[in-house]
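User: I am new to reading protein models. Can we go through this one by asking what earns each label?

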Amino acid sequence: MGRIVYCQGRFVPEDQARVSIFDRGFLFGDAVYEVTAVLNGSMIDNDLHMARLERSLAALNIPMPMPRAEIERVQAELIGRNGVREGTVYLQVSRGEADRDFVYPVDLPATVIAFTQARRLTGTKGQTEGVAVDLAPDPRWARRDIKTTMLLGQVMAKVEARKRHFDDVWLVGEDGFVTEGASSTAFIVTRDGRIRTRANSQTVLAGCTRRALLRLCEEEGTSIEEEPFTPQDAQSAAEAFLTSASSFVMPVVRIGDATIGDGRPGPLTRRLQALYFDTALGTAASRHAAAP
């Protein structure tokens with residue numbers, strides 16, 4: 001038997017999960033999602049993911065399908081049923097099912113699905129040696145702050161970057177500034193030691209790992225400047241890194257055709273990586289010890 005997934009109020013084997021062809025998430029991308037990392041069987045930064053889920057749903061006028069505590073119970077049960085020690089738990093909420101029409105009926109029952117993916121998140125080659133990111137024009141719609149399932153622009157950018165032998169891609173807006181990664185937040189460290197990342201707005205997604213890292217840096221007195229930077233700024237930086245729920249703090253050692261620093265993860269990136277990992281692993285361990 002394969003994974004147990006959650007589909008429309010039931011925990012079922014993955015080959016028995018069914019969603020209607022008239023679901024608006026399928027027809028229009030009228031849905032939002034969240035991906036939460038799992039370490040030692042515990043979710044990392046899930047409070048931030050749940051808060052962002054609520055914001056995204058509210059922006060699309062989709063009611064929360066159930067109380068937050070009930071969603072978290074579903075996530076935890078999926079992790080337990082599938083024996084996931086390290087990986088991710090995916091959650092998606094669509095507006096619901098209706099005959100195809102751009103104007104949706106009011107008060108549709110939402111479609112809720114969730115599943116786990118067991119995979120290695122820590123000690124990966126990218127975290128140890130760093131990754132290379134391509135640069136590409138940002139093709140997406142204006143409301144990038146809503147975490148919708150409309151990911152075709154990101155898919156196309158990532159596939160093209162992979163063809164060019166890059167691990168990931170950073171997107172560049174019409175204003176000439178880097179917006180963010182296709183599925184991550186972009187950071188650089190300037191040659192005078194300043195950490196820079198773009199401020200949250202409708203132009204970018206408010207990253208949960210980004211927020212967690214900023215909070216940790218504030219607690220230890222490390223300043224991060226929220227201001228945009230150009231591809232040229234990035235390529236001439238002393239260090240660079242990206243953050244996401246499944247990459248955590250990932251060193252970037254090449255941007256386009258430019259090697260960053262000496263081509264190895266820099267010392268400040270390493271310190272932030274260790275800070276985040278230590279906190280995340282410590283939180284996971286304490287939650288595991290407190291579990292009944």
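User: How much space lies in the largest pocket?

Analyst: This is a predicted model. In it, about 1300 Å³ of space lies in the largest pocket.

User: Which residues lie nearest the centre of the largest pocket?

Analyst: They are Tyr33, Lys158, Ala182, Ser183 and Ser184. The lining counts 49 residues. A lining residue must have an atom within 4 Å of a pocket point.

User: Which element supplies the largest share of the lining of the largest pocket?

Analyst: Helix α5 does, with seven residues. Other elements that each supply at least two residues include β3, α2, β6, β9, α6 and β13.

User: What makes the largest cavity a cavity and not a pocket?

Analyst: A cavity is a set of points where a 1.4 Å probe fits but cannot get out, whereas a pocket is open. By the rule for cavities, two of 30 Å³ or more are counted. The largest cavity holds about 70 Å³ of space.

User: Which elements give two or more residues to the lining of the largest cavity?

Analyst: They are β9 and β10 (185-189). Strand β9 has the largest share, three residues. The lining includes Val178, Thr179 and Glu180. Arg198 and Val204 are also among the lining residues.

User: Why does Thr179 count as buried?

Analyst: Buried means under 20% relative accessible area. Thr179 has 5% relative accessibility, so Thr179 counts as buried. Thr179 is found in strand β9, residues 178-181.

User: How do you know that a polar contact joins the side chains of Thr179 and Asp138?

Analyst: The cut-off is a pair of N or O atoms within 3.5 Å. The side chains of Thr179 and Asp138 are joined at 2.7 Å. That value passes the cut-off, so the label applies. Leaving aside neighbours within four places in sequence, Thr179 is also in contact with other residues, including Arg140, Leu171, Val172 and Arg198.

User: Is Pro105 called buried, partly exposed or exposed, and why?

Analyst: Partly exposed covers the range between under 20% and over 50%. Pro105 has 38% relative accessibility, so Pro105 counts as partly exposed. Pro105 is found in the loop between β5 and β6.

User: What makes β8 mostly covered?

Analyst: Five of the five residues in β8 (168-172) are buried. Asp168, Trp170 and Val172 point one way from the strand, and Val169 and Leu171 point the other way.

User: How do you know that β7 and β8 pair?

Analyst: Pairing needs at least two bridges between the strands. Five bridges join β7 (131-137) to β8, so the two strands pair. The strands β7 and β8 run parallel. One bridge partner of note: Pro137 is matched with Val172 in β8.

User: How many bridges join β1 to β2?

Analyst: Four bridges join β1 (4-7) to β2, and these strands run antiparallel. The test asks for at least two, so β1 and β2 pair. Ile4 has Pro13 in β2 as its bridge partner.

User: Why are β2 and β4 called edge strands?

Analyst: The open sheet of six strands has the order β2-β1-β6-β5-β3-β4, with antiparallel pairing. The strands β2 (10-13) and β4 (42-44) each pair on one side only. The twist averages 30° from one strand to the next.

User: Which strands does helix α2 lie across?

Analyst: Helix α2 (46-59) lies across β3, β4 and β5. Helix α2 runs at about 180° to β3.

Notes:
Residues numbered from 1 in each chain as written. Predicted model: local features only at pLDDT ≥ 70, side-chain atom pairs only at ≥ 80, totals over all residues. Heavy atoms only, no water. Buried < 20%, exposed > 50% of the residue type's maximum accessible area, 1.4 Å probe, protein only. Polar contact = N/O pair within 3.5 Å; in protein donor to acceptor, adjacent residues only side chain to side chain. Contact = heavy atoms within 4.5 Å. Axes fitted to C-alpha atoms, helices over the stretch in contact; angles between N-to-C directions. 1 Å grid on protein atoms, 1.4 Å probe; cavity = no way out; pocket = protein on both sides within 12 Å on 5 of 7 lines; lining within 4 Å. Points joined across faces, edges and corners; volume = space filled by probe spheres on them.
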